[in-house]
Amino acid sequence: MLLSRRHLLVTAAAVTPLLLAPSALAQPAPAPPDLSTPEGWLAWISAHRDRLGLVLDDGRGNHLMHRPHAAQPLASAVKAVHLAAYATAVAEGRLDPAEQVRVGDWERFYVPTDGFAHVNALQHLGIPTDSTGLRAADPEHRVALDDMASAMITFSDSAAPDFIRDRLGEPALRKAAAAGGWHRPDIRSMCAEYLFLLPEFAPPAQLPTPARRAWGYRLERRFSTDATLRDQVVDRLLQNGLPPYEHQLSWADRTMSSTAAELAALHRAIATDPGEAAAVARTHLERPLSGHLPPGVIGIGMKGGSLPGVLTCGLTVRRADGTTASGALLAHGDISPGQLGSGDPGLPLLLAMQQPEWRDRLAQALGA
């Protein structure tokens, strides 16, 4: 998600109403599907099959696939790669989860365009914020490295992934993803991608992805080493906010992307691998829903994401009978700010994994 407070709203641009004939005025447009409900998702999927990637394995021999190899924006679902690399480094003894990290070093990668995910993480950890309400009041405050990794998943903090990538190196992330069946993940600086929303930092519009990635790494180095620049960005966002929603939609189109098949493969590997690294990753993915498990389920691992026009999710369900369901959903297209704020992309996956009759309805919506 992006910013959602006064001056930091992700809002649609003002629209000048059209002058319509009385007969047209008597025909109100149908309400958009409510993506917080199962029926809403069925309606959206039926109307947007060409904007959806979906992979589902219910662990009992039933599968659904729809455009499984079509690359679409990932939003925060990409953070499963960073988590896999972190968990691998912990298992191999290259990172100590109890290491005390200076909050100021964490926030070197923080751009306050994340729907207050970072602020929520600070509040959860009991860390007071400064006068802006966006950053830690005391940058010398220490947090456990594992708490930062947890914030990346539970609150979808977007500074932690860059901290982890900077600490471990891009090759470590690629290796961890490949071990889970996700080859050549689209790894970029999330800090830079958010900065690209602002015209003064945006790269050339037609820059190819590899060049955009390199441009972003250079911008990240500048931002992460210049406290004055970080202050200027916060002030600029507080005073002017973000560009109109239409601009944000075109920006989101060019952010990190992958396929539902690759995302689902990594989540399934984490859920089923007996090794220590997978166990570390499962702890973080399953913690948010650990208190809401249906009968017969021992763990639900999930990482979702949202950007303007984008809702995504990777999901696994581990059952007491030894079966594991897994899947991924990537929706990209006609998604309004309201749908973005309430939409739950894990809902259609979870229902289809657990309820055969709902899986059949989802298959029908997909045209299968």
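A cavity is a set of grid points where a 1.4 Å probe fits but cannot get out, and its lining residues have an atom within 4 Å of a point. The model used in these exercises is predicted.

**Exercise 1.** Find which residues line the largest cavity, and state its volume.

*Solution.*
Step 1. Search the whole structure: two cavities of 30 Å³ or more turn up.
Step 2. Take the largest; its volume is about 70 Å³.
Step 3. List its lining: Ala75, Ser76, Met190, Glu193, Tyr194, Trp251, Thr255, Met256, Ser306 and Leu307.
Step 4. Look for elements that give two or more residues to this lining: they are helix H9 (190-195) and strand E7 (297-307). H9 gives the most, with three residues.
Step 5. Sort the lining by class: six residues are nonpolar, three polar and one charged.

**Exercise 2.** Do the same sorting for the second largest cavity.

*Solution.*
Step 1. Note the volume of the second largest cavity, about 30 Å³.
Step 2. Collect its lining: Phe109, Tyr110, Val111, Asp114, Ser158, Ala159, Cys191 and Tyr194.
Step 3. Divide these residues: six nonpolar, one polar and one charged.

**Exercise 3.** Describe how strands E1 and E2 pair, and which face of E2 is covered.

*Solution.*
Step 1. Locate E1 at residues 52-57; E1 pairs with E2 in the antiparallel sense, over four bridges.
Step 2. Pick one opposite pair: Leu56 faces Leu64 of E2.
Step 3. Check the hairpin: five residues lie between the strands, and Gly59 has a positive phi near 80°.
Step 4. Split E2 (residues 63-66) by face: Leu64 and His66 form the covered one, His63 and Met65 the uncovered one.

Note on methods:
Residues numbered from 1 in each chain as written. Predicted model: local features only at pLDDT ≥ 70, side-chain atom pairs only at ≥ 80, totals over all residues. Heavy atoms only, no water. 1 Å grid on protein atoms, 1.4 Å probe; cavity = no way out; pocket = protein on both sides within 12 Å on 5 of 7 lines; lining within 4 Å. Points joined across faces, edges and corners; volume = space filled by probe spheres on them. Nonpolar A, V, L, I, M, F, W, Y, C, P; charged D, E, K, R; others polar. Buried < 20%, exposed > 50% of the residue type's maximum accessible area, 1.4 Å probe, protein only. Pairing = 2+ DSSP bridges.
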